[in-house]
Every structure is written in C-alpha cells, then in structure tokens.
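Reader: I'd like a close look at one part of this fold. Keep it brisk, and work outward from there.

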Amino acid sequence: MENCLFCKIATGQIPSTIVYQDDHVVAFEDIHPQAPHHILLIPRHHIASMDQLTREDGQTLANIFTVAQQLAHKLQLENGYRFLTNVGPDAGQSVFHLHFHLLGGRPLGWPPG
C-alpha cells in the first residue's frame, strides 16, 4: 500500500529499529513503548487488520507467532509476556496494517485499558 506507514517500514523507506526481518515478517521497536520490551511484528505484505485475514494467511500468522516466540526467548521474557493485536479504532488500532504487540519486561496488569 502506497501510503501505509508499516509498509514503508517493511521496505526500508522509513527508518526504524529493526530487531528481526525475513522474507515474510518484520519486527521493530515501538516508538512509544508501553513496557521495557515493546516490539511490533508485521507481515511484509499488506493486510489491513485481523478482520481482513483469510485462510490463505495461515502461514503468515504461523510465521509471525514463531518469530514472536523466538524474540520473547531472546529477550529472556520467561516470567511472561503479552502478545496482542488491536482491531479497529475503538480497540486502539491506529495504523491499518496488521500488527502484533509483543510486550514484556515488567508485570502486566489485567484487564488492559
């Protein structure tokens, strides 16, 4: 997508602190972290939100979840972490490119928000 912020990060048009990337997934530090470790994981190809997923996106999701697990171990988040996505403006989605938040490094309260 031409005007998508996260598509531009995935292609390197906008700089970010990339912590992982491959042909399918890009992970980078959130610029407004909500925990000591706050990483965003996105598919390289544009999907607007979880509402737009299809069965064909199953491997994309598997790749994202596997990378999240690897990053959590690398960051030594053995005491726990949160992995989530927001769907739509009422849930707090502000960039309409599917992305997941990996948060950890401190106790995370419940319920969120």
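What phi does Gln76 take, just after α2? Please start there and then describe the helix and what surrounds it.

Author: A word of caution first: this is a predicted model. Just after α2, Gln76 takes a positive phi of about 60°. That is a positive value in a residue other than glycine. Gln76 sits in the loop between α2 and β4. Is Gln76 buried or exposed? Its relative accessible area is 63%. Exposed means over 50%, so Gln76 counts as exposed.

Now step back into the helix. α2 runs over residues 58-74. It has 17 residues. From its first C-alpha to its last, α2 reaches 24 Å. At 1.5 Å a residue, 24 Å is also the expected figure, and the two are close.

Which residues of α2 are buried? They are Thr60, Asn63, Ile64, Val67, Ala68, Leu71 and Ala72. Around the axis they cover an arc of only 165°, so they sit on the same side of α2. What covers them? The cover includes five strands by name: β1 (18-21), β2, β3, β4 and β5 (100-104).

One of those buried residues, Asn63, has a partner outside the helix. His24 is in contact with Asn63, and also with Ile42, Pro43 and Arg44, leaving aside neighbours within four places in sequence. His24 itself is found in the loop between β1 and β2. Its relative accessible area is 46%, so His24 is partly exposed. His24 and His101 are 77 residues apart along the chain. Their C-alpha atoms are separated by 17 Å.

Phe65 is also in α2. At 45% relative accessibility, Phe65 counts as partly exposed. We will come back to its ring after a look at the aromatic pairs.

How many aromatic pairs does the whole structure hold? A search finds 4. Take Phe6 and Phe28. Their ring centres are 5.4 Å apart and their planes stand at 75°. Planes over 60 degrees apart count as edge-to-face, so this pair is edge-to-face. Phe6 lies in helix α1 (residues 5-10), and Phe28 in strand β2 (residues 25-29). The pair therefore ties together parts that are 22 residues apart in sequence. Phe6 is buried, at 5% relative accessibility. Phe28 is buried too, with a relative accessible area of 3%.

Next, the pair that involves α2. The rings of Phe65 and Phe83 have centres 4.9 Å apart, with planes at 85°, so this pair is edge-to-face as well. Phe65 is in helix α2, and Phe83 is in strand β4 (residues 81-84). Their pairing ties together parts that are 18 residues apart in sequence. Phe100 joins in: Phe65, Phe83 and Phe100 form one aromatic cluster.

Stay with β4 for a moment. Arg82 lies in this strand. Leaving aside neighbours within four places in sequence, what does Arg82 contact? The list is His101, Leu102, Leu103, Leu108, Gly109, Trp110 and Pro112. The peptide bond from Trp110, one of those contacts, to Pro111 is cis, with omega near 5°. Pro111 is in the segment after β5. Arg82 and Ala48 make a more distant pair of points: they are 34 residues apart in sequence and 21 Å apart in space, C-alpha to C-alpha.

Last, the other end of α2. The loop between β3 (37-43) and α2 holds Asp57. Asp57 is buried yet has no salt bridge. A salt bridge needs a side-chain nitrogen of Lys or Arg within 4 Å of a carboxyl oxygen. For Asp57, the nearest side chain of opposite charge is Arg55, 11 Å away. What does Asp57 touch instead? Not counting residues up to four places away in sequence, Asp57 touches His45, Ile47 and Gln52.

Ser49 lies in that loop between β3 and α2, too. Is Ser49 buried or exposed? Its relative accessible area is 7%, so Ser49 is buried. Leaving aside neighbours within four places in sequence, Ser49 is in contact with Val87, Gln93 and Leu98.

To recap the part you asked about: Gln76 is exposed, its phi is positive, and it follows just after α2.

Terms used. Residues are numbered from 1 along each chain as its sequence is written. This is a predicted model: local features need pLDDT of at least 70, side-chain atom pairs count only at pLDDT 80 or more; totals for chains, interfaces and linings use all residues. Side-chain values use heavy atoms; hydrogens and water are left out. Rings of Phe, Tyr and Trp (its six-membered ring) pair if their centres lie within 6.5 Å; planes under 30 degrees apart count as stacked, over 60 as edge-to-face and the rest as tilted. Helices (H or I, at least four residues) and strands (E, at least two) are DSSP runs, numbered from the N terminus. Buried means under 20% relative accessible area, exposed over 50%, partly exposed in between (1.4 Å probe, protein chains only). Lys and Arg count as positive and Asp and Glu as negative; His and the chain ends are not counted. Contact means heavy atoms within 4.5 Å. The expected span of a helix is 1.5 Å times one less than its number of residues. The arc is that of the directions from the helix axis to the C-beta atoms.
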